[in-house]
Amino acid sequence: MVSVLPVLPVPPVPPAPSATARCRHRGLAALAVAACLLPLYAVPAAAAGAMPPPVRPEDRPSGAMPPPVRPEDQGDHLTVVVRHAGVGRDGRYDVRCHPEAGRHPDLAGACRVLDENTRWGRDPFAPVAPGTVCAMVHGGPATARVTGTWAGRPVDATYDRGDGCRIARWDNMAPLLPRIGGPAQTEAPTGAASQTEPPADSPVRIEPRTSVSG
C-alpha cells in the first residue's frame with residue numbers, strides 16, 4: 001500500500017522592493033550610523049577645553065562692596081616742593097593732569113612735559129644711572145622733591161643741580177620744575193619765599209659808594 005504525503009501550501013513570495021524603497025532604507029541606515037558616531041567626535045572637543053573651567057572659590061563674588069575711590073587717587077596728581085631756587089621759584093606746587101587742575105604758574109606746560117617724558121617701560125622720574133660720566137659743573141643749590149601718583153604708579157623723586165647730569169635731568173622736567181637762570185615765574189606758588197630776597201642764582205651787584213663833600 002502506497003502512502004500519500006500531504007501537500008503543504010507554499011507561501012507566496014513577496015515582491016522585490018523597488019529601487020526607491022532600497023535607497024530610502026540605505027539612507028535611514030546611514031543616519032543611524034552617524035547618530036551613533038556623533039558622541040565619539042564630540043568627546044575630544046569637550047576634553048580640549050570647549051567647556052569653561054570651574055569657578056575657583058577665591059574667584060567667587062564675596063558680596064562686599066569695593067572701597068570708595070579717594071579724591072587723591074583720582075587721575076594724575078603730583079606735589080612739587082622746590083627749595084633754594086630763588087624768589088618766584090621756591091614753594092609748594094600742586095599739579096593735576098587729565099584733566100588739568102591745581103596751583104602752578106604753567107599748569108599746561110607742566111602736564112605737557114610729563115606726557116612727553118612718559119614712555120612705555122621707562123620711568124620718567126628715574127635718577128641718573130650709576131656710573132654715568134657727568135660734567136663736573138655746579139648749577140646752584142636748588143633742590144626739588146616730586147611726590148604723588150603718575151600713570152597709576154607712586155612717585156617719590158628728588159632733584160638737584162650738583163653736576164652736569166643732574167642739571168640736565170632737572171631741565172628736562174621744566175616747566176614742572178622751575179627754570180633756573182631765566183626769569184622767575186610770574187605766579188608765586190604756595191609757601192613762596194619773600195619777594196625781598198634776591199634769586200639764589202642771580203649775581204650780587206655791589207653799588208659804588210659815593211661821598212658827599214660839605
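Leaving aside its neighbours within four places in sequence, which residues is D76 in contact with? The legends below begin with that residue and then move through the rest of this predicted model.

**Figure 1. D76 and its surroundings in strand β1.** D76 belongs to strand β1, which covers residues 76-83. Setting aside its neighbours within four places in sequence, the residues in contact with D76 are V95, R96, C97, H98, T149, W150, A151 and G152. One of these, A151, offers its backbone nitrogen to the side chain of D76, at 2.9 Å. Although D76 is buried, it has no salt bridge. R96 carries the nearest side chain of opposite charge, and that side chain is 9.3 Å away. So here is a residue to look at slowly: R96 is on the contact list of D76, yet no salt bridge is found for D76, because a salt bridge needs a side-chain nitrogen of Lys or Arg within 4 Å of a carboxyl oxygen of Asp or Glu.

**Figure 2. The disulfide between C97 and C111.** The sulfur atoms of C97 and C111 are joined at 2.0 Å. About the S-S bond the angle is -90°, and the link is left-handed. C97 sits in strand β2 (residues 91-97) and C111 in helix α2 (residues 107-117), so the bond connects distant parts of the chain, 14 residues apart. Both ends are covered: C97 has a relative accessible area of 3% and is buried, while C111 counts as buried at 2%. If you have just come from the first view, you have met C97 already, as one of the contacts of D76.

**Figure 3. The disulfide between C134 and C165.** In this pair the sulfur atoms are 1.9 Å apart. The disulfide is left-handed, because the torsion about the S-S bond of C134 and C165 is about -105°. C134 lies in the loop between α2 and β4 (143-150), whereas C165 lies in helix α3 (residues 164-171), so the pair ties together parts that are 31 residues apart in sequence. C134 and C165 are buried. The protein has two disulfides, and with bonded cysteines counted along the chain they follow the pattern 1-2, 3-4.

**Figure 4. Helix α3, its start and its cover.** At the start of α3, a side-chain oxygen of D163 comes to within 3.1 Å of the backbone nitrogen of C165. The buried residues of this helix are C165, I167, R169 and W170. Strands β1, β4 and β5 (153-160) are among the elements that cover them. C165 is a good residue to centre the view on: its backbone nitrogen meets D163, and its sulfur is bonded to that of C134.

**Figure 5. A cis peptide bond and a positive phi meet at H98.** Most residues other than glycine have a negative phi, and most peptide bonds are trans. H98 and P99 are joined by a cis peptide bond, with omega about 5°. H98 itself has a positive phi, near 60°, without being a glycine. H98 is found in the loop between β2 and β3, and P99 lies in the loop between β2 and β3 (101-103) as well. With a relative accessible area of 46%, H98 is partly exposed. H98 also appears among the contacts of D76.

**Figure 6. Two further backbone features, at H84 and at P175.** H84 is not a glycine, yet its phi is positive, about 60°. This residue lies in the loop between β1 and β2 and counts as partly exposed, at 48% relative accessibility. The second feature is a cis peptide bond between A174 and P175, where omega is about 10°. P175 is placed in the segment after α3.

**Figure 7. The whole chain, for orientation.** Stepping back from the close-ups, the protein has three helices and five strands, which run along the sequence as α-β-β-β-α-β-β-α. Of its 214 residues, 24% count as buried. Among contacts with a separation of 6 or more, 60% are between residues 24 or more positions apart. The accessible surface comes to about 16,100 Å², and carbon and sulfur atoms account for 63% of it.

Definitions and conventions. Residues numbered from 1 in each chain as written. Predicted model: local features only at pLDDT ≥ 70, side-chain atom pairs only at ≥ 80, totals over all residues. Heavy atoms only, no water. Helix = DSSP H or I, 4+ residues; strand = E, 2+ residues; numbered from the N terminus. Buried < 20%, exposed > 50% of the residue type's maximum accessible area, 1.4 Å probe, protein only. Lys, Arg positive; Asp, Glu negative; His and termini not counted. Polar contact = N/O pair within 3.5 Å; in protein donor to acceptor, adjacent residues only side chain to side chain. Contact = heavy atoms within 4.5 Å. Disulfide = S-S within 2.5 Å. Areas by Shrake-Rupley, 256 points an atom, 1.4 Å probe, with all protein chains shown as cover.
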